[in-house]
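Here is a short tour of a protein model with its ligand. Have a look at the view below, and then read on.

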Amino acid sequence: MEAFDIAIVGGGPAGSSCAAFCALSGLRTLVLEREIFPREKVCGDCLNPSCWPVLERLGLAQQVRNFPHSKLASVEFITIDGPKVGIDLPPGGDGELSVKRSLFDALLLKRARDLGAHVREGTIVTALADSGNWKIETQTGESFFARTLIGADGRNSTVARLRNLLPHPRRERVALQTHIPLPRNFGRRVVLQFLREGYSGQAPVDETELNLCLVGTPPAISKLRQWANRHFEIGADQPWRTITPLTRSPVPCAHENLLFIGDAARVVEPFTGEGIYYALRSGELAADAITKIIRGKHRQSALQEFTRACAEMYRGRLWVNRLARAAVLWPRVGSFFVHTARIQPAILKLLTAKIVSREL
Ligand SMILES: Cc1cc2nc3c(=O)[nH]c(=O)nc-3n(C[C@H](O)[C@H](O)[C@H](O)COP(=O)(O)OP(=O)(O)OC[C@H]3O[C@@H](n4cnc5c(N)ncnc54)[C@H](O)[C@@H]3O)c2cc1C
């Protein structure tokens, strides 16, 4: 049985980015993905401007711009009782853009495949054994072998669970997401609306559709859904996707011959819309570390470099994340904050600029 240099569990943005960069470096790369693409995913569909440099290095930036999308011009925060405040987003071709995950994720996975990665869709990893080389087993009884394993399988990572590394999830909140017809005159806004039971994120994803997300505690989520049904005149038969948890403790990203990237490593608050960037960039960083190890760099120093680079990626951003989490856990606090920002908009402008500033 052929042994791969690297096996990646999960073909989302983290796994596909890692696979593409590994394949570019000439590594024998395997991706095992549970779903068959294209598939939608619980997400706000917004690409933070920090994504562009990684997409450029992947040779995909223009193709993403060619997809049906919406160039987002502003963020509007709406308080529980209605008053709102709007903040302009940076203009230009490398600003914030929204695109459906079905298109975006399929493009990334195809890029990995085109660059030479061996991609298996519809393949669920169920068991792992480490005897120097990894043996990876799937639900259908197939086995694959690899020198290094990457957990890129999202917030409920099977790889982390099978290695007893998955932190106990706090299912304090749950998210629902769907696409609905774009309301007339919605414009190119991202709307973040505080509601008594949680919050709603709304963003146009193209000329005809709106991405609608709802986040609340499990007992409150049906009330949020009723609000959305009334507010957007959605039928009771509208299909919604769901996910939980919304946050959890991070998993250490580097182990001897096992790395975690994207949501599998660290889940960030969706409110700030940065998860895809962290996924893409951590995939690139992991590929860089593994390439160096395979080319002879001392393993421990390459892994330390990877850990430092991952920490650097989040540095200066996590406090914004904590703030966002507090605001959405207690919508009245978030609402009060927006009320204050109507009088003193500088603070909200600063926070928004921090979130959408372009990384190199
Ligand atoms: C409500 C909400 C809104 C959000 N909005 C935004 C936003 O607007 N912008 C943004 O940047 N981020 C947003 N995020 C975060 C973003 O969706 C994630 O950070 C991002 O998808 C992480 O990418 P990933 O590749 O790490 O994981 P995922 O995208 O979750 O991909 C993991 C892949 O692993 C596969 N998998 C899982 N288990 C197995 C298994 N056992 N075997 C094989 N394959 C497996 C899955 O099928 C999946 O394709 C949002 C999140 C939520 C919850």
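The notes that follow cover the ligand's surroundings and then a small sheet.

## The ligand and its shell

Please keep in mind that this model is predicted. Around the ligand you will find 35 residues. Glu-33, Gly-44, Cys-46, Asp-263 and Ile-276 are the closest. By character, the shell splits into 15 nonpolar, nine polar and 11 charged residues.

Two helices are worth picking out in your viewer: α1 (13–24) and α7 (275–294) each contribute at least two shell residues. The largest share comes from α7, with three residues.

## Polar contacts and cover

Asp-263, one of the closest residues, places a polar side-chain atom 2.8 Å from an oxygen atom of the ligand. The backbone takes part as well: a backbone N or O atom of Ala-14 lies 3.0 Å from a ligand oxygen, and for Gly-275 a backbone N or O atom is 3.2 Å from an oxygen atom of the ligand. On its own, the ligand has 1,000 Å² of accessible area, and the protein covers 96% of that.

## A three-stranded sheet

Next, try tracing an open sheet whose three strands come in the order β3-β7-β4, with antiparallel pairing. Its edges are β3 (46–47) and β4 (70–71), each of which pairs on one side only.

How many bridges join β4 to β7? There are two, and these strands run antiparallel, with β7 spanning residues 97–98. To see a pair of partners, start at Lys-71: its bridge partner in β7 is Leu-97.

Methods: Residues are numbered from 1 along each chain as its sequence is written. This is a predicted model: local features need pLDDT of at least 70, side-chain atom pairs count only at pLDDT 80 or more; totals for chains, interfaces and linings use all residues. Side-chain values use heavy atoms; hydrogens and water are left out. A residue is near a molecule or strand if one of its heavy atoms lies within 4 Å of it. A polar contact is a pair of N or O atoms within 3.5 Å; within protein, one must be able to donate a hydrogen and the other to accept it, and residues adjacent in sequence count only if both atoms are side-chain atoms. Accessible areas come from the Shrake-Rupley method with a 1.4 Å probe; for residues, only the protein chains shown count as cover. Helices (H or I, at least four residues) and strands (E, at least two) are DSSP runs, numbered from the N terminus. Ala, Val, Leu, Ile, Met, Phe, Trp, Tyr, Cys and Pro count as nonpolar, Asp, Glu, Lys and Arg as charged, and the others, Gly among them, as polar. Two strands pair if DSSP finds at least two bridges between them.
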